[in-house]
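Work through these short exercises on an interface between two chains. Try each task before reading its solution.

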There are 2 protein chains.
Amino acid sequence: MPNDPFQWDSREDCEVRQILDRIADKWSLLVMALLENRTMRFTELLKTVDGVSQRMLTVTLRQLERDGLVSRTVFPVIPPHVEYSLTDLGRSLNTTVTALVTWTESHQSDIAASRARYDEAVAG
Amino acid sequence: MPNDPFQWDSREDCEVRQILDRIADKWSLLVMALLENRTMRFTELLKTVDGVSQRMLTVTLRQLERDGLVSRTVFPVIPPHVEYSLTDLGRSLNTTVTALVTWTESHQSDIAASRARYDEAVAG
DNA sequence: CGGAATCCACGCCGATACTG
DNA sequence: CAGTATCGGCGTGGATTCCG
C-alpha cells in the first residue's frame, strides 16, 4: 500500500519527501505551469514569472533539469539562444500540479473567508 | 479561463500564489496526509512527522487552522487534550495532494535516474 | 500535554559585477 | 543573451526555557 502516509512519512531516508519538497517549490510550480503551454527562453521566463530573480530562476531551472522535468536546449549561436521546455516526465507531473492550482483557485474565497474569521476571533 | 497560467501568474496582487505557496509547504503536506486517515493529537503528530520541530509543527497547525483546512478541538481537561482533524475543505484538498504524493512515489526512480545522469554529465 | 516566548546560527536569496 | 561568482542581510527555523 504505497499510498499509506505512514509508509513514506516515517522512513528515515525517505527520498520521496525530498523530491516532494523540491517539486512543491514556489518557482518550480510557476515555471512548469508556464512551460506547459510552450517552449520559452530564459529572459522570457524572467520577465513573465513576476518577482523571480535571475539567480533563483537559474537555480530553479537547473534543478528542474536535473530532475528530468525540464529540458534545456542550447543553440550555439551568438548571442546565445537557450530554450526551455517540459519533458514527458514534466508534462505528466503538470497534470497533477494543474489540479492543485485549480483547487486553489476554486477555494480561494473559502480560505480568505476562513482567514478573516480566524483573525477576527483572535483579535476579539 | 481561470486555468490559464498567465492569468494567475502575472497579476501583481495574486493571492492564489500566496495560498499555493502555503499549501505546498513541506510540513503542511505531511500533516494533511496524516490527518486524512484519522484525528491525531499534538504529541502524536510530533512523533510521527519525522524531523519536524515543535515550533514548526505549532506554526504549521496554526496556519492550517487559519486557512480552514484543519480543525483544532480542545478538551478542557488536565492534562490538556487537543485533537487535530481535517475539515471538509481540507479533505477536498487532500484528494489532489494525494495525487501529487502518488505521482512522486511512482516517478521516484525516474527522477533519481535523471539526477544520476545529470551529475555524471557534470562530473565528466 | 500542548503550547508560547526568546535567542541566535545558518543558509537562502537579492543585488551587484563580470563573462563568453 | 544567458548565464557565473561573490558578498552580505535577514528571515527561517532549531534549541531552549517557561507556563497554564
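The exercises below concern a predicted model.

**Exercise 1. Size the interface between chain B and chain A.**

Solution. Start with residues: chain B brings 54 to the contact and chain A brings 56. Next, take the area. About 5,700 Å² is buried between chain B and chain A, with 61% of it from carbon and sulfur atoms. Then find the top contributors on chain B. Arg66(B), Trp103(B) and Arg115(B) supply 14% of the area that chain B buries against chain A, more than any other three residues.

**Exercise 2. Describe the polar links and the side of chain B that touches chain A.**

Solution. Count the salt bridges across the interface of chain B and chain A: there are six. One joins Asp67(A) to Arg115(B), with the closest N and O atoms 2.6 Å apart. Now count polar contacts: 14 residue pairs between chain B and chain A, both residues at pLDDT 80 or more. Then map the elements. In chain B, α1, α2, α3, α5 and α6 each supply at least two residues to the side that touches chain A. The most come from α6(B), with 20 residues. Last, sort that side of chain B by class: 25 nonpolar, twelve polar and 17 charged residues.

**Exercise 3. Is Asp67(B) buried or exposed?**

Solution. First place the residue: Asp67(B) sits in the loop between α5 and β2 of chain B. Its relative accessibility is 1%. The cut-off for buried is under 20%, so Asp67(B) counts as buried. Now list the neighbors. Leaving out residues up to four places away in sequence, Asp67(B) touches Ile111(A), Ser114(A) and Arg115(A), plus Arg22(B) and Leu89(B).

Terms used. Residues are numbered from 1 along each chain as its sequence is written. Chains are lettered from A and ligands numbered from 1 in the order in which they are written. This is a predicted model: local features need pLDDT of at least 70, side-chain atom pairs count only at pLDDT 80 or more; totals for chains, interfaces and linings use all residues. Side-chain values use heavy atoms; hydrogens and water are left out. Contact means heavy atoms within 4.5 Å. Buried area is the accessible area (1.4 Å probe) that two parts lose on being put together, summed over both. A salt bridge is a side-chain nitrogen of Lys or Arg within 4 Å of a carboxyl oxygen of Asp or Glu. A polar contact is a pair of N or O atoms within 3.5 Å; within protein, one must be able to donate a hydrogen and the other to accept it, and residues adjacent in sequence count only if both atoms are side-chain atoms. Helices (H or I, at least four residues) and strands (E, at least two) are DSSP runs, numbered from the N terminus. Ala, Val, Leu, Ile, Met, Phe, Trp, Tyr, Cys and Pro count as nonpolar, Asp, Glu, Lys and Arg as charged, and the others, Gly among them, as polar. Buried means under 20% relative accessible area, exposed over 50%, partly exposed in between (1.4 Å probe, protein chains only).
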